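Student: Got a minute to go through a structure with me? I'd like to start at the surface and work inwards.

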Amino acid sequence: MGDVVLMHFSTVDYVIFALLLVASTGIGLFYAFSGGRQRTTQEFLLADRSMSCLPVSLSLLATFQSAVAILGAPSEVYTFGTQYWFLGCSYFLGLLIPAHVFIPVFYRLRLSSAYEYLELRFNKTVRMCGTITFIFQMVIYMGVVLYAPALALNAVTGFSLWGAVLAMGLVCTLYTALGGLKAVIWTDVFQTVVMFAGQLAVIVVGTSQAGGISEVWRKAMNGSRIASLDLNPDPLERHTFWTLGVGGVFLMLALYGVNQAQVQRYLSSRTEREAVMSCYVVFPCQQIVLSLGCLMGLVMFARYGEDSPLDKGYVKTKDQMVLYFVMDVFRDLPGLPGLFVACLFSGALSTISSAFNSLATVTMEDLIKPFFPNMTEAKATLLSKALALGYGLVCLAMAYVASLMGSVLQAAFSIFGMVGGPLLGLFCLGMFFPWANSTGALVGLFSGLAMAFWIGIGSFVMRLPGPDLLLPYANTTGPPLLGNMTTVAMTTLVSAMTTKTRPSGVEAIYNLSYMWYSAHNSATVVLVGLLVSLLTGPMKEKDLTPGTVFPVLGTLLFFLPERYKEKLCCVTPLGHKHKDAQPYLTAQKKEEGEEEEGEGGRKGAGEKLVEAGLATPRASTTLSPHPSEETAL
């Protein structure tokens, strides 16, 4: 192991890192000056709904696999062992449910923003609250995800901190603002390949230096790093099969079911079938990514054992330990450290570009178009590009704020992560419970957010006396591979300290495993929302917007007589509901003067549905633009 703290890049490393940035910019410029040249909002924000399954699935994976994840997974396994590997069990339901529940509803409604759904199902107020909540979490997140890998790189190699931040931020802003969603998706594909190459190189070279895979496994076994199946049902235990395999499902749903960045990719698919297939393709890819992260952690343990670079003072935080390991392994192999850093920054670029694009979309569709329904397509597209550019500059500003936060960074990251569960609960309330009304939705959302902030801030404050807890985010021990979008900051809430005596009362709530946060907060929204809806007058089936409710209750309560099902408002299948939305689409196309099939831009969605006479739930036409390809539900 090296006897110096700083290790430096060679010229070849700098060249490889520069090539990553040049290639990403080149893809953006290509889509800015080819095809439709991003002249319409449909092309700029939704890639003209023309993407095939493979690029969409790799983009979904890249958005999920952030730089925080690449740094976090190996240090998690190095420190605590392979129990984290059981998170893979949650991927199955975490992707199956979005594929067969959320995608059919969102895709057939021809949405541009996931939050349009909230207006169709409830009202404009609920939509605005959902949008503002999403913008709040993403703006906080962007700066941190840009700053954290640059800080780690600077600490280990002396690489210019603000040089890295500016290079990433400006390149990302450039290709997102010029090339739109097509550029974001195709750069994600390129960056995914770079990520896999970088991680594989580290594992292969590290394993070879450690004496082979059997030696790595032997050392991991002797060091008690190979975990067995822990079936302890205690929700206060940080990682067990139940917290990872079941609690993880809700984290996955918050990410893959209702997060705008992912929903936008589903909606950019050519057909509903391709959108569903992209979810299926992501599943094995995610298992590979999880395995690579865990393997790198085991190789790290085989190299350092219990005597970590962190304990020796070579690095200050756990995520820097991974970069130190990479520089240590590749010290005599110029070019390979550059490849891994390119891999690391690919994760950051893919995540940030998705954030820019999704923020521009929700701002345009939810906050601007409803108030300026007569805006021309050319103006709307130009404004969308300006929004993507603006959010890029906000991201750089947030990176600077993150650098000043110091120990407050942990609290800021926590606040970001506490929003995912309540938003998931809001969508579930609307989609699965037909009698939920807008009052219930608003009260439920605010109750879920209040609960999340109470537990999150309470657990943070409760741990403040411990000196270790004033370290910034990078030194926490939470979920590395979920270090992205709506789930990343749960990491910070349940840090390394585990009490030997089981806490009780309020203290027990503060010690809840972060893997249950999404489930707990979304359940709060649903239960409070249903209770308030019943007290203030539940919605009737005739008042529901067609196509906004997934008939899960009708399926589960198949044994009830029809009249009771009608009273519970759960008898109308999804397909029938969607048939009523055709008049809305037709009316909308006429109003916007759009002749092309598949253009479904939405303006003033709630009012137009009423104007289109969609109060009665029966019609003969079908909504799906590809009826032959509708997924069997």
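Tutor: We will take the surface first, then the cysteines, then two helices. Keep in mind that this is a predicted model.

Student: Which residues form the nonpolar patch on the surface?

Tutor: Trp162, Leu166, Leu170, Tyr400 and Leu404. Together they have about 520 Å² of accessible area.

Student: Which helices supply at least two residues each?

Tutor: α8, residues 161–210, and α16, residues 377–405. The largest share is from α8, with 3 residues.

Student: Where is tyrosine 400, and is it buried, partly exposed or exposed?

Tutor: Tyrosine 400 is in helix α16. Its relative accessible area is 48%, so it counts as partly exposed. The exposed class starts over 50%.

Student: Switching to cysteines. How many disulfides are there?

Tutor: The count is 0.

Student: Why is cysteine 279 too far for a bond?

Tutor: Because the closest cysteine sulfur, in cysteine 53, is 9.6 Å from the sulfur of cysteine 279. A disulfide needs the two sulfur atoms within 2.5 Å.

Student: Is cysteine 279 buried or exposed?

Tutor: Buried, at 1% relative accessibility.

Student: And cysteine 395, how far away is its nearest cysteine sulfur?

Tutor: It is 7.3 Å away, in cysteine 172. Cysteine 395 is in no disulfide. Its relative accessible area is 0%, so cysteine 395 is buried too.

Student: Remind me, what is a disulfide in chemical terms?

Tutor: A covalent bond joining the sulfur atoms of two cysteines.

Student: OK, helices. How many residues does α14 have, and what does it reach from its first C-alpha to its last?

Tutor: α14 has 12 residues, 318–329, and reaches 17 Å. That is close to the 16 Å expected at 1.5 Å a residue.

Student: How many of the α14 residues are buried?

Tutor: 12 of its 12 residues, so the helix is mostly covered by the under-20% cut-off for buried.

Student: Which ones have charged-looking names in that buried list?

Tutor: Among them are Lys318, Asp319 and Asp328. The list also includes Met321, Leu323, Tyr324 and Phe325.

Student: Back to α8. Is threonine 187 in that helix buried or exposed?

Tutor: Threonine 187 is in helix α8. At 0% relative accessibility, threonine 187 counts as buried.

Student: What does threonine 187 touch?

Tutor: Ser24, Ile27 and Tyr175. That leaves out residues up to four places away in sequence.

Note on methods:
Residues numbered from 1 in each chain as written. Predicted model: local features only at pLDDT ≥ 70, side-chain atom pairs only at ≥ 80, totals over all residues. Heavy atoms only, no water. Patch = residues over 30% accessible without salt bridge, like charges linked within 9 Å, V, L, I, M, F, W, Y side chains within 5 Å. Areas by Shrake-Rupley, 256 points an atom, 1.4 Å probe, with all protein chains shown as cover. Salt bridge = Lys/Arg side-chain N within 4 Å of Asp/Glu carboxyl O. Helix = DSSP H or I, 4+ residues; strand = E, 2+ residues; numbered from the N terminus. Buried < 20%, exposed > 50% of the residue type's maximum accessible area, 1.4 Å probe, protein only. Expected span 1.5 Å × (residues − 1). Contact = heavy atoms within 4.5 Å.
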